[in-house]
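Work through the exercises below with the sequence and the 3D view open. Try each task before you read its solution.

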Amino acid sequence: MSRLMLRTGLKAVRAGNRPTGQPCRKGIFPSAAALFSEYRHQRSIWREDKGIDRRGFAGQSRSFLAMIILAALCLPSHIAHALDADGGMLDWPREEMAAALDHFIEKRMEELAVPGVAIAIVADGAIVFEKGYGVADASGDQPVTPNTMFEAGAIGFPLQAFAALQMVQEGKLAMDEPLSRALDRPWLPKRAASNAVTLRHVLTHRSGLSDRVRLGSRSVGFEPGSAYRHSGMGFVYLAHVMAEAEGKPFDRLMRERLFQPLGMSSSGYIIPEALVDAVARGHDALWVPITAFAAPMAAIFALCFVVTLLVIRLGFHRLKLKPFDLVPAAVLAPVGASIFLYYMQGGWTLIFCLGYFLVWIAGVLFLTAAIQYGRFILGQGWQDGMISRGSMRREAFSPFSFGVVVVASLFFMSWQVPLPARDGADFNAALSLRSSAHDLARFAAGFINGDLIGVSARARMVDERVEVSGPIGDRAGTGLGFYTRERMDGLTIWQPSANIGLRGLMVIEPARRSAIVVLTNSDSGKVLMQEVAGHVLGVETPWVRP
């Protein structure tokens, strides 16, 4: 082991003087990925210094690799540190990258309660690693594979942009002319907006359309081209225009223009009902749907309570409220919460959240009633196997018992609960794309290689980006269908997806002709996908939408 100590001199200077000890701050344990990075660094220095070739070093390398894995298993990995600036795991030998990813992903899935993950990595324009972890449904045993379909949602935006640029090349669409020129009837309600929104506006999220895709809102909030606002409805509008210009349904258009030519056999905006059960189910912590409904309901009830109190005291000159006085508040609170949730997230989310809230309330009331019944039985006393005679004393409803049950239920709020599966025929260009990590990696490879549209058109998607304000240290922008980020560590183009209960991320690094796709079937996967992408590409900070 002493042979692997960091040496001083030119090699240390070239390597950046990285320490040989714990590669983190004092008191902070390294993640599995950081350990593998340090292992790679020290191994390369020792091999170069001793002049040992790869074959001669293979046995000792595997022994040291096993020791690193064993050490990593004994250390907490809840803090995922970024890799050293070596280019990340992408520069490692493939077998070592696979071993590190297996350990790291499985460990983090357990810690974050993520049922399933699919990952695919592209290097030099070709897929070099792909794997699935966990299960597609927490209540089943269907394993996740690289070909398992997930609801990819907004990751479909760059795919749609890719097909739109094909139509631009064919003269069926124009980048800077109103999209409404391709329509027989305007889709946007206001003529001024209809005559102003262009393809460029939609692809760079500057159309003024909202992101309320579940409501189908067609209102335009500002002058097209004057500001940035993430807009799923812009891509819904574009899908309608593309379908009209092509004279065929959007799903069929994408299959013929993109999915089939690139070999994306597990992708579609509409899928047969027989395949719905094969799609990974979204999951969320139990507290999310319950809180989504309970929080606005509590706020509305509190507001109604204050108004009722003022009316009773000032209007009726009574100091105390009667139970009947709160009936309007009790009725308005759930109705108002339902309207609010429908307006913000749409009907499907309302049904999902209301359903879990009602199940939770029913469970709490049932257990409270059981406790009260138990108290009643025990309060009577038993004698010779029979309830003793005497006066019967009924126990009133106990707020204390109700509170105890509510508090006890909080311990189960982290449970991951499955979401209802989306119907195969339920089409929404911003939400309903079902795809796999393998298929999206094939798209990323096709993009890198300039397939279908050519290198010059591919370059336009990045070069014609519009800079927007982003996190400190980032030069964030919106390309044609992608988000872009420029930092000291280079330029990346990326796109996240955030369907309810599902999270995904696709990042492409043009300079290295590399990419990574991470799909998860849990809302908590938003942490894991950033960590994995960062470790693989060697990027220290997460990709955050402006």
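## Exercise 1: A loop residue

Leu452 is partly exposed, with a relative accessible area of 38%. The class limits are these: buried is under 20% relative accessible area, exposed is over 50%, and partly exposed is in between (1.4 Å probe, protein chains only). The model is predicted, so local features need pLDDT of at least 70 and side-chain atom pairs count only at pLDDT 80 or more, while totals for chains, interfaces and linings use all residues. Residues are numbered from 1 along each chain as its sequence is written, and side-chain values use heavy atoms, with hydrogens and water left out.

Task: find where Leu452 sits, and state the sign of its phi.

Solution.
- Step 1. Locate the residue. Leu452 is in the loop between helix H14 (437-449) and helix H15 (454-463). Helices (H or I, at least four residues) and strands (E, at least two) are DSSP runs, numbered from the N terminus.
- Step 2. Read the backbone angle. Phi of Leu452 is near 75°. That is a positive value in a residue other than glycine.

## Exercise 2: A loop-to-loop contact

Task: describe the backbone of Arg513, then name its salt-bridge partner.

Solution.
- Step 1. Place Arg513. This residue lies in the loop between S13 and strand S14 (514-520).
- Step 2. Check phi. Arg513 is not a glycine, yet its phi is positive, about 50°.
- Step 3. Find the partner. The Arg513 side chain meets that of Asp124 in a salt bridge (3.0 Å, N to O). The criterion is a side-chain nitrogen of Lys or Arg within 4 Å of a carboxyl oxygen of Asp or Glu.
- Step 4. Compare positions. Asp124 is in the loop between strand S1 (116-123) and strand S2 (126-134) and Arg513 in the loop between S13 and S14, so the pair ties together parts that are 389 residues apart in sequence.
- Step 5. Classify both ends. Arg513 is partly exposed at 30% relative accessibility. Asp124 is exposed, at 54%.

## Exercise 3: More salt bridges

Task: how many salt bridges does a search of the whole structure find? Then examine the pairs Arg281 with Asp137 and Arg422 with Asp426.

Solution.
- Step 1. Take the total. The search finds 25 salt bridges.
- Step 2. Take the first pair. Arg281 and Asp137 meet through their side chains at 3.5 Å, N to O. Arg281 is in the loop between helix H9 (250-259) and strand S4 (283-285), and Asp137 is in the loop between S2 and strand S3 (150-151). The two are 144 residues apart, so this pair links distant parts of the chain. Arg281 is partly exposed at 24% relative accessibility, whereas Asp137 is buried at 16%.
- Step 3. Take the second pair. The closest N and O atoms of Arg422 and Asp426 are 2.9 Å apart. Arg422 is buried at 17%, and Asp426 is partly exposed at 33%.
- Step 4. Look for shared partners. Glu170, Lys172, Glu246 and Arg257 are joined into one network by salt bridges that share partners.## Exercise 4: Empty space

Task: which residues lie nearest the centre of the largest cavity, and which nearest that of the largest pocket?

Solution.
- Step 1. Fix the terms. On a 1 Å grid over the protein atoms alone, a cavity is a set of points where a 1.4 Å probe fits but cannot get out. A pocket is an open set with protein on both sides within 12 Å along at least five of seven lines. Lining residues have an atom within 4 Å of a point. A volume is the space filled by probe spheres set on the points, which are joined across faces, edges and corners.
- Step 2. Take the cavities. The structure holds two of 30 Å³ or more. The largest cavity has about 160 Å³ of space. Its lining has 16 residues, and Glu151, Trp348, Pro420, Arg422 and Leu502 lie nearest the centre.
- Step 3. Take the pocket. The largest pocket has a volume of about 890 Å³. Its lining has 37 residues, with Arg214, Gln345, Ala498, Ile500 and Arg503 nearest the centre.
- Step 4. Sort the pocket lining. The classes are 20 nonpolar, nine polar and eight charged. Ala, Val, Leu, Ile, Met, Phe, Trp, Tyr, Cys and Pro count as nonpolar, Asp, Glu, Lys and Arg as charged, and the others, Gly among them, as polar.
- Step 5. Follow Arg503. This residue is in strand S13 (residues 503-509). Arg503 is partly exposed at 21% relative accessibility.
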